[in-house]
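Me: I am new to this structure and would like a close look at a single part, the place where the two chains meet. Please take me through it slowly, and then show me what lies around it.

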Amino acid sequence: MNWLSLNWPQVIELTRDHLLLSAPALLLSVLIAVPIGRLAQQRPRIGGALLGAASLLYAIPALPLLIIIPALFGVPLRSPATMVIALTVYGVALLVRTAADAFGSVDPRVREAAVAVGHSPRSVFWRVDLPLAVPVLLAGVRVVAVSTVSLVTIGALIGVPSLGTLLTDGFQRGIPAEVATGIIATMALALLFDALLVAAGRALTPWATIRHERPLPQEETT
Amino acid sequence: MIEFETVSKTYPGQSVAVADFSLVVPSHRTVVLVGSSGSGKSTLLRTVNRMVEPTSGRVLIDDEDVRERDPVALRRSIGYVLQHGGLLPHRSVLDNIATVPVLKGTPKRRARTAASELLERVGLDPKIGRRYPGQLSGGQQQRVGVARALAADPNILLMDEPFGAVDPIMRRELQEELLRLQAELHKTIVFVTHDIDEAFLLGDEVVVLREGGVIAQRGTPAEILGAPADDFVRDFVGADRAERELHITTVDGRSIAVDGTGRPVGVLAP
């Protein structure tokens, strides 16, 4: 505890760095995985290959990936950009299948009815498919959020500051309190992300929580 | 007026759903297509709003081929009611009813106000407007479905077994409600059902379909019941069923109608 009381400004700064690496990566993962998932669900033939390829990305070991990315994207090795790209690759790999499942979970009869009353293909996506996919999609995003927050720590190995810096630094200098702080702060951040996502999910899908309740008594006026 | 001109539909890898179907649905009338499953009645209905494209033949609305129309605009100009309501579970009842006006660009508030009035029109309490479809009974959902179909004030209503999934008492109420609405609104209605009693109750004209969309008989309910064209129709309308065979007996000077099993079903009005 003594270590923390002396070093808390550094911990706060690293927490901020950690946040600035994980939040953009999570956002990018969602923005990339959702359209791919939708395409995969609509065109199963292309989709199957796409989903397979995406899942394969997750099998790339982290360190080689961190070295390939600067070569591919022309970003400096020890930069936050490298880290955000790597995290996005893993996030997309984890999320595409769930995104495809999320669109697959939309009742086709509801979609067809929406088309039949005059929704254009675009409004079917924005007004019907996407909102109805949110519950399943959100479950996937929660997994990606927690995994991203913990993966950020790897950045410390290539010198990108995050809460992971506390782990490497603590190990090298033999300060257990520093390592413990790194672990606990990372977990706390992951839990915070998760809680925020759950709250966002509730706000986005008021209909989903109500649906499981008993139907209200009938009130026919005739 | 809706015209089917030798409409055929074959689904790939399956037998013919509909072959050479021709029919004229006059404006402001209710025409009921009735048949068992496999008669192609839903397929025919869905060619009108281009949810199904005929393999050959064409469908005309007021002398215009529906293929000339943009499918989205065409569908917005036609009211459509489905068996399971087809309401959007994530939208409130009012927003569901206001769907087509909002898609057409009516300001949301005005569309919602109009939707609230429509709720009353179909016999529902406007208070339920804020609920989600999942909180309504099956019968209420069907009424909301009818309100949604009426929201853009279309000339044509397509109804695909709209009351098939609700219990008999509710179905009867919904049928009466539709008759009342039609007496006020005079829409051109194409109604699909497998229930011959529903067809006779609602249809100005009834079209009995055999397998593959072949017309077995068309006419007013009285014509079909009075003179079934063949054994298929006779069997389908239950012309030989005991409750259809009424005769009159006189009890204490009053004429009582009695069905084939001898059960009294009513008194002749003097």
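**Where chain A meets chain B**

Reply: In strand E2 of chain B, B:Val18 is the bridge partner of B:Lys9, and this pair is a useful place to begin, before turning to the contact itself. Please keep in mind throughout that this is a predicted model.

The pair belongs to a set of 6 bridges that join strand E1 of chain B, residues 2-10, to E2(B), with the two strands running antiparallel. They are part of an open sheet of 4 strands in chain B, which follow the order E2-E1-E4-E5 with antiparallel pairing. Strand E2 (16-25) and strand E5 (64-65) of chain B each have a single partner strand and stand at the edges, so one side of each is left without a neighbour in the sheet. Helix H1 of chain B, made of residues 41-48, lies across E1, E2 and strand E4 (56-61) of that chain, and runs at about 120° to E1(B).

With that sheet and helix in view, we can turn to the contact between the chains. It takes 28 residues from chain A and 34 residues from chain B, and the area buried between the two chains is about 2,800 Å², of which carbon and sulfur atoms give 60%. Between chain A and chain B the count is 1 salt bridge, in which the side chains of A:Glu112 and B:Arg46 meet at 2.9 Å, N to O. The count of residue pairs in polar contact between the chains, both at pLDDT 80 or more, is 3.

On the side of chain A that touches chain B, helix H5 (108-116), helix H6 (121-151) and helix H9 (206-211) of chain A each supply at least two residues. Of the elements of chain A, H5(A) gives the most to this side, with 7 residues. The residues of this side of chain A divide into 15 nonpolar, 7 polar and 6 charged.

Salt bridges also occur within a chain, and over all chains the count comes to 26. One of them is formed by the side chains of A:Arg111 and A:Asp129, which meet at 2.8 Å, N to O. A:Arg111 lies in helix H5 of chain A and A:Asp129 in helix H6 of chain A, so this pair ties together parts that are 18 residues apart in sequence.

Another part of chain B, further along its sequence, also shows strands in antiparallel pairing. Strand E11 of chain B, residues 247-251, is joined to E12(B) by 5 bridges, and the two run antiparallel; among the partners, B:Thr250 is matched with B:Ser255 in E12(B). The hairpin of these two strands has 2 residues between them, and in this hairpin B:Asp252 takes a positive phi near 50°. Strand E12 (residues 254-258) then pairs in the antiparallel sense with strand E13 (residues 264-267) of chain B over 3 bridges, and here the bridge partner of B:Val258 is B:Pro264 in E13(B). In the hairpin of E12(B) and E13(B), with 5 residues between the strands, B:Gly262 takes a positive phi near 85°.

Notes:
Residues numbered from 1 in each chain as written. Chains lettered and ligands numbered in written order. Predicted model: local features only at pLDDT ≥ 70, side-chain atom pairs only at ≥ 80, totals over all residues. Heavy atoms only, no water. Pairing = 2+ DSSP bridges. Contact = heavy atoms within 4.5 Å. Axes fitted to C-alpha atoms, helices over the stretch in contact; angles between N-to-C directions. Buried area = accessible area lost by both parts, 1.4 Å probe. Salt bridge = Lys/Arg side-chain N within 4 Å of Asp/Glu carboxyl O. Polar contact = N/O pair within 3.5 Å; in protein donor to acceptor, adjacent residues only side chain to side chain. Nonpolar A, V, L, I, M, F, W, Y, C, P; charged D, E, K, R; others polar.
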